[in-house]
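Here's a walk through one chain, helix by helix and with a few residues picked out along the way. Have the model open as you read.

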Amino acid sequence: MSHVLADTGVIAGRYVRQTLGSRVGLLFGLLQPMLFLVLFGPLLEDVPLGGSGDSWQTLVPGLLVQLGLFSSAFAGFSILIEKQYGVVERMRVTPVSRLALLLGRIVRDVLQLLVQSVLLVLVGFAFGLRAPVLGVLLGFVFVAVLAASLASLSYALAMRVNSPQEFAPVINSVNMPAMLLSGILLPMSLAPGWLDGLSHAVPFRYLVDAVRAAFVGEYGDGSVATGALVGLALAAVSMAWGTRLFRRAGA
């Protein structure tokens, strides 16, 4: 275990330095949710959304989950690039733990997402968001768990395909319905009964509801606890499956 942790730190450090050298990528990863915040958020200020919070306490938590959903699901693109340049092949001949090669990348992704999340929330406060500090911190925890889960699957998939043309359609076909059914932009309570019922089969919905409850300080209404259970279950299944596929691919 100590060997895995040490190797994970080395791999994470490598990718953190790589990310710091590409600040443009960090900012552009934040661009889509920031545009929703700036251009879509003001349209909701006087719209009744059916929740206990205001429009910003509804929109910003959803955008945090959207940020985690899209940035982590597409994380595997970096492995496809590394495979083209022979980086993965060179790593295979080192004594570094195969699990650490996955975990180190995930640590970088979670740290990057947290930095982006902080920036998004700060801009949200400038536009009128008001939320308890504990609620915001809980929201960051939920997003970090989501990021670790999806990044693990994304890297595992990237190790098993040979090109972006194989990778991107799979991610897009999962991400788009997941985003629409999780109530990221508007609560699913506004949806027709059949659509609201269908959304309960999407685990991301529970994470969105949990972050929204945290942002209004409602820690005991059940949404936060349900979101935590779903998030932990998703992380356990995703990381176990992702680790298995990653190892079988010979990373």
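Let's start inside. This is a predicted model, and in it Asn-175 is buried, with a relative accessible area of 4%. Asn-175 belongs to helix 9, which covers residues 164-181. Which residues does Asn-175 touch, once those up to four places away in sequence are set aside? They are Leu-69, Phe-70, Ala-73 and Phe-74.

**Helix 1 and its two sides**

Helix 1 takes in residues 2-20, so to speak the opening stretch to look at. With 19 residues, helix 1 reaches 27 Å from its first C-alpha to its last, close to the 27 Å expected at 1.5 Å a residue. Its buried set is Val-4, Asp-7, Thr-8, Ile-11, Ala-12, Tyr-15 and Thr-19. Look down the axis and these buried residues of helix 1 fall within an arc of 135 degrees, so they line one face of the helix. Turned away from that buried side is a face carrying the exposed residues Ser-2, Val-10 and Arg-17.

Asp-7 deserves a stop of its own. It sits in helix 1, and is Asp-7 buried or exposed? At 12% relative accessibility, Asp-7 counts as buried, because the cut-off for buried is under 20%. Leaving out neighbours within four places in sequence, Asp-7 is in contact with Pro-95, Val-96, Ser-97 and Ala-100.

**Gly-41 and the helices on either side of its loop**

Now move along to Gly-41, in the loop between helix 3 (31-40) and helix 4 (55-73). Gly-41 is buried too, at 1% relative accessibility. Beyond residues up to four places away in sequence, Gly-41 touches Phe-36, Trp-56 and Leu-59. How far apart are Gly-41 and Asp-7 in space? C-alpha to C-alpha, Gly-41 and Asp-7 are 43 Å apart, with their positions 34 residues apart in sequence.

The helices flanking that loop pack against each other: helix 3 and helix 4 meet at an angle of about 160 degrees, with their axes 9 Å apart. That makes helix 3 roughly antiparallel to helix 4. The crossing of helix 3 past helix 4 is right-handed. On the helix 3 side, the contact involves Gln-32, Pro-33, Phe-36, Leu-37 and Phe-40. Helix 4 answers with Trp-56, Leu-59, Val-60, Leu-63, Gln-66, Leu-67 and Phe-70. Some names come back here: Phe-36, Trp-56 and Leu-59 are contacts of Gly-41, and Phe-70 is one of the residues touched by Asn-175.

**Helix 5 against helix 8**

The axes of helix 5 and helix 8 come within 8 Å and cross at roughly 30 degrees. That makes helix 5 roughly parallel to helix 8, and their crossing is right-handed. Helix 5 brings Ser-78, Ile-79, Leu-80 and Lys-83 to the contact, while helix 8 brings Tyr-155, Ala-158 and Met-159.

**Helix 12 and its partners**

Helix 12 (residues 223-248) has 26 residues and reaches 37 Å from first C-alpha to last, close to the 38 Å expected at 1.5 Å a residue. Its buried residues include Val-224, Gly-227, Val-230, Gly-231 and Leu-234, and, further along, Gly-242, Thr-243, Leu-245 and Phe-246. What do the buried residues of helix 12 pack against? Their partners are helix 5 (77-84), helix 7 (98-127), helix 8 (133-160) and helix 11 (203-215).

Take helix 11 as one of these. The axes of helix 11 and helix 12 come within 8 Å and cross at roughly 140 degrees. That makes helix 11 oblique to helix 12, and the crossing is left-handed. From helix 11, the residues involved include Pro-203, Phe-204, Tyr-206 and Leu-207; they meet a helix 12 set that includes Ser-223, Val-224, Thr-226 and Gly-227.

Arg-244 is also part of helix 12. At 49% relative accessibility, Arg-244 counts as partly exposed. The C-alpha atoms of Arg-244 and Ala-156 are separated by 8.2 Å, though the two are 88 residues apart along the chain.

Here are the picked-out residues together:

| Residue | Relative accessibility | Class |
|---|---|---|
| Asn-175 | 4% | buried |
| Gly-41 | 1% | buried |
| Asp-7 | 12% | buried |
| Arg-244 | 49% | partly exposed |

How values were computed
Residues numbered from 1 in each chain as written. Predicted model: local features only at pLDDT ≥ 70, side-chain atom pairs only at ≥ 80, totals over all residues. Heavy atoms only, no water. Helix = DSSP H or I, 4+ residues; strand = E, 2+ residues; numbered from the N terminus. Buried < 20%, exposed > 50% of the residue type's maximum accessible area, 1.4 Å probe, protein only. Contact = heavy atoms within 4.5 Å. Expected span 1.5 Å × (residues − 1). Arc of directions from axis to C-beta. Axes fitted to C-alpha atoms, helices over the stretch in contact; angles between N-to-C directions. Parallel < 35°, antiparallel > 145°, perpendicular 65-115°, else oblique. Left-handed = near helix turned anticlockwise from the far one by under 90°.
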